[in-house]
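Q: Hi! Could you walk me through this one while I have it open?

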Amino acid sequence: MSASCGAPPGRSASVWPVNDARVLRFPDGFRWGAATSAHQVEGGNTRNDWWRFEATPGAIRGGRGSGDACRHYERFEEDFDLAAADGHTAHRLSLEWSRLEPEPGRFDPAEVAHYHAVLGALRARGMEPVVTLHHFTNPLWIADRGGWESRETIDRFVAFARFCAAEFGAEVDWWCTVNEPEVFAFRGWAEGVWPPAVRDRSRALVVIAHQLEAHGRAYRAIHEADRVDADGDGHAARVGFAKHHVQLEALRAWHPLDRLVAHFERRVFNEAVERAAVDGRIALEIPCARAVRRDVPELKGALDWFGLNYYTRWRVQAFAEPPHVATPGAPVNDLGWEVWPDGLRRALHAAGRTGAPVLVTENGVADAHDALRPRAIVEFAEAMHRAIAEGVPVRGYLHWSLLDNFEWADGWHGRFGLYGVDERDPGAPRVRRRSAEVFARLARANAVTPDVREAAGLA
Ligand code: BGC
């Protein structure tokens, strides 16, 4: 598919009068782009723990695993053409650890060359790479040696981070060590719906702590190994991690138990993780689990930027199944998650309280028919604009996701793409959704303009 993909040129915000109150301008240099992760889009990641897990009967909704995914491993150039034509100036991706280091300490030169080509393709199109080192998947050899419950994994991950920083540092300034330690741990070790399918909340807390510690130590390793300022902006490496901030509120505001449980969940899921990277103090406590408390000196201040992933709000009901529900009557996406744009503004304030500049590293809507997403993109941008006006230092926004992709245990049921992909035919042309057009206008204008609203059907 050609780079233009039928996209109209779009207008810069400068065509609107400076004092036009309908135009919400973002700061100069604000980054717009999309986010993906290797296992969800590449296809053929046979050497990681998810590939193995996907073969377990009943593990994946609908039964279809990642398989060829979007064949992005082969098609990355044309996918980046689409993003570049839509005005994206940044792109978040992850390096697949199991490809780069298929056996302990042995790095595969062909895969190293592959990721150089990927990063080079982004830079050639004027898109700044934001590179994640751990996005949920682990090489089989890591999983089989105790995975993230083992302290050895921290050492192994730090060595991997050091290798990547030295190898790719000339192409990358924005490093994201780990993605969502709390989601990774709770899904895999508490709910048991992701590998390694454990159901033990105490063990989940150990995993969060290990990922946080790994972040702190990788932060130092990356700064030591990457001294090249790829963008010429005075920063050789900027290191952060991505946190999933979910809004958690009592279902029944009057109910003391709903309020108490929501309070505990907010504390462990959001606040404890957000604070740990600031003061180096890990303090993870939930009822009926062994608390984890310790100070990690390397973690203190290990934050050049904070990556915020925001999707939804859950209402908490104590001692009931399911424990989390959407706000009754609110719009929900295809996975039943409430679409609540003001939650992004609030989450940005929480992120800003770390004192670090913020990148929105994920935000999006699972919406196969693109019914809610065009409008949501505009409303999320408006909420982010408000947060910036209120003083939160937001540097960019990376929409989840460029393409429909493998949605972990939900299989192919959550379709988050600006572009549609048919997983049964991942070689077919990507299908441009109206959302891609809305996002393109937003990115090109660096503003919410009447044009953007019109494309979203809001004018
Ligand atoms: C993850 C993504 C995932 C998205 C939507 C985030 O928790 O980082 O990998 O696809 O949410 O569920």
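Q: How far is the polar side-chain atom of histidine 135 from an oxygen atom of the ligand?
A: In this predicted model, the two lie 2.9 Å apart.

Q: And what about glutamine 40, what's the distance there?
A: An N or O atom in the glutamine 40 side chain is 2.8 Å from an oxygen atom of the ligand. Tryptophan 400 has a side-chain contact as well, with an N or O atom placed 3.3 Å from a ligand oxygen.

Q: Nice. How much of the ligand's accessible area does the protein cover?
A: On its own the ligand has 310 Å² of accessible area, and the protein covers 96% of that.

Q: Which pocket is it in, then?
A: You'll find the ligand in the largest pocket.

Q: How many residues surround the ligand, and which are the closest?
A: There are 13 around the ligand, and the closest are Gln40, His135, Glu180, Glu362 and Glu407.

Q: How does that shell divide into nonpolar, polar and charged?
A: Six of the shell residues are nonpolar, four are polar and three are charged.

Q: Switching topic: where does asparagine 363 lie?
A: Asparagine 363 is in the loop that runs between strand E13 (358-362) and helix H12 (373-389).

Q: Is asparagine 363 buried or exposed, and why?
A: Asparagine 363 is buried, because its relative accessibility is 0%, and the cut-off for buried is under 20%.

Q: What does its side chain make a polar contact with?
A: The asparagine 363 side chain pairs with the side chain of tyrosine 397, in a polar contact of 2.5 Å.

How values were computed
Residues numbered from 1 in each chain as written. Predicted model: local features only at pLDDT ≥ 70, side-chain atom pairs only at ≥ 80, totals over all residues. Heavy atoms only, no water. Near = heavy atom within 4 Å. Polar contact = N/O pair within 3.5 Å; in protein donor to acceptor, adjacent residues only side chain to side chain. Areas by Shrake-Rupley, 256 points an atom, 1.4 Å probe, with all protein chains shown as cover. 1 Å grid on protein atoms, 1.4 Å probe; cavity = no way out; pocket = protein on both sides within 12 Å on 5 of 7 lines; lining within 4 Å. Sits in = over half its atoms within 2 Å of the grid points. Nonpolar A, V, L, I, M, F, W, Y, C, P; charged D, E, K, R; others polar. Helix = DSSP H or I, 4+ residues; strand = E, 2+ residues; numbered from the N terminus. Buried < 20%, exposed > 50% of the residue type's maximum accessible area, 1.4 Å probe, protein only.
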